[in-house]
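I opened the notebook to go through this structure piece by piece. Backbone oddities come before strands and helix.

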Amino acid sequence: MAQALRLAERGLYTTQPNPRVGCVVTHGEQVVGQGWHERAGGPHAEVHALREAGARARDATAYVTLEPCAHHGRTPPCADALVAAGVARVVIAVNDPFPQVAGRGIGQLRAAGIAVECGLMQEAARELNIGFFSRIERQRPWVRVKLAMSLDGRTALANGESKWITGAAARMDVQHWRARSSAILTGIGTVLADDPWLTVRLDDTPFTPPMRVILDRHLRTPAGSHVLDGQVPTLLLHGAAAPMADGRFERVEPIAIAEHDGRLDMQAVLALLAERGCSELHVEAGPTLCGALFAAGLADELLLYVAPVMLGDSARPLMHLPPLAEMAARWRLRTIDQRQVGEDWRLRLRPQR
């Protein structure tokens, strides 16, 4: 199963909106076939593994990181393929919550006389597809907020200058986190201050380009902004009263979003993105939007780069958060991973709720 998970990870950047899945077929200790889901619309992991195994799949054991599908999508059901191949046993890491599968794949295998076991390395399998499970189970994407700060907790000088707090290695590392995401989101403040591209810059790694999402309540994005170039699919989310009487947005998709307390309703934003197949949402924004997501409990994970520099008291803070009346109310986070990237440190943190 560990090998199946390593295979599944090869589809980290290319399977959107599908989950990443790996499969290993064995006779005893001998591997006779293996494969992974390489890209949406292509054969699933089980099909690749069974093709490699050929006739040796009969009476074999298949290790699969996600419950085999039992419905006709863009490809035939993998449960049918396992039955037709004559495997004797299927070991599944985690059940598929997708309504058209959700136990049907397991039921179909057992009805054909195949022994089925579930739960082996389940936590690792869920982690690999954490966005997929969030989209199906919570009807919203997994929200990962990327931040970069100095040792004194600052993200930019008082005048807004922020290039560059971190080094080249950390900035390249961010590209890989962008590439695994379904969408990259920012706010109008960042668009006006930095004119970002919000695209992935990886020359030697295949990836599915993530969608861009711009929160612009009053449609202030200037003509000529990089996010309006049509290079990748882009959603421009705005308030219902925002004027649309010009041609700035011909290459993007403007969508009116409900408002709450004078801001775009982030619950509505996340629900819309889930409907569009967005599993992992990568946020690169300023302290106001990042703070609002965090304070509202909508930031599932912080991807925090810490540079060994100091910017001083007048520099801008990491996030704008409401004041706390007592220390007991402080926000707690747990560290998922920490490592050095070039001269900087990368922390992955998740709120404790």
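In which loop does D59 lie? I looked it up: D59 is in the loop between α2 (45–53) and β3. I keep in mind that this is a predicted model.

**Entry: unusual backbone angles**

I checked phi at D59. D59 is not a glycine, yet its phi is positive, about 65 degrees. I noted this because most residues other than glycine have a negative phi. I then looked at accessibility. D59 has a relative accessible area of 56%, so I log D59 as exposed.

M121 went on the list too. Its phi is positive at about 60 degrees, and M121 is not a glycine either. I found M121 in the loop between β5 (115–118) and α5. Is M121 buried, exposed or partly exposed? At a relative accessibility of 36%, M121 counts as partly exposed.

Next I went through the peptide bonds. Q16 and P17 are joined by a cis peptide bond, with omega at about 0 degrees. P17 sits in the loop between α1 and β1. I flagged the bond because most peptide bonds are trans.

**Entry: helix α1**

I turned to α1, which spans residues 2–9. Which residues of α1 are buried? I list A4, L5, L7 and A8. They lie on the same side of α1, because they cover an arc of only 160 degrees around the axis. I then asked what covers these buried residues. The cover includes three strands, β1 (22–27), β2 (30–36) and β3 (61–64), and also α5 (122–128).

**Entry: strand β8**

I went to β8, residues 183–187. Five of its five residues are buried, so β8 is largely enclosed by the rest of the structure. I sorted the residues by direction. A183, L185 and G187 point one way, while I184 and T186 point the other way. Both sets are buried.

How many bridges pair β8 with β9? I count five, in the parallel sense, with β9 running over residues 211–215. I picked out one position: T186 stands opposite I214 in β9.

**Entry: strand β18 and its partners**

I looked at β18, residues 344–351. Six of its eight residues are buried, so β18 too is largely enclosed by the rest of the structure.

I traced its pairing with β15 (residues 301–307). The two strands run antiparallel and are joined by five bridges. L303 stands opposite R348 of β18.

I traced β17 next. Eight bridges join β17 to β18, again antiparallel. Which residue in β18 is the bridge partner of D337? I find R348. R348 therefore enters my notes twice, because β18 pairs with β15 as well as with β17.

I also checked the turn. β17 and β18 form a hairpin with two residues between them. G342 in that turn has a positive phi of about 65 degrees.

**Entry: a surface patch**

Last, I looked at the surface. Which residues form the nonpolar patch there? I recorded L321, L324 and W331, with about 240 Å² of accessible area together. I located W331 in the loop between β16 (316–317) and β17 (333–341). W331 has a relative accessible area of 34%, so I enter W331 as partly exposed.

How values were computed
Residues are numbered from 1 along each chain as its sequence is written. This is a predicted model: local features need pLDDT of at least 70, side-chain atom pairs count only at pLDDT 80 or more; totals for chains, interfaces and linings use all residues. Side-chain values use heavy atoms; hydrogens and water are left out. Buried means under 20% relative accessible area, exposed over 50%, partly exposed in between (1.4 Å probe, protein chains only). Helices (H or I, at least four residues) and strands (E, at least two) are DSSP runs, numbered from the N terminus. The arc is that of the directions from the helix axis to the C-beta atoms. Contact means heavy atoms within 4.5 Å. Patches are made of residues with over 30% relative accessible area and no salt bridge: like charges are joined within 9 Å, nonpolar side chains (Val, Leu, Ile, Met, Phe, Trp, Tyr) within 5 Å. Accessible areas come from the Shrake-Rupley method with a 1.4 Å probe; for residues, only the protein chains shown count as cover. A salt bridge is a side-chain nitrogen of Lys or Arg within 4 Å of a carboxyl oxygen of Asp or Glu. Two strands pair if DSSP finds at least two bridges between them.
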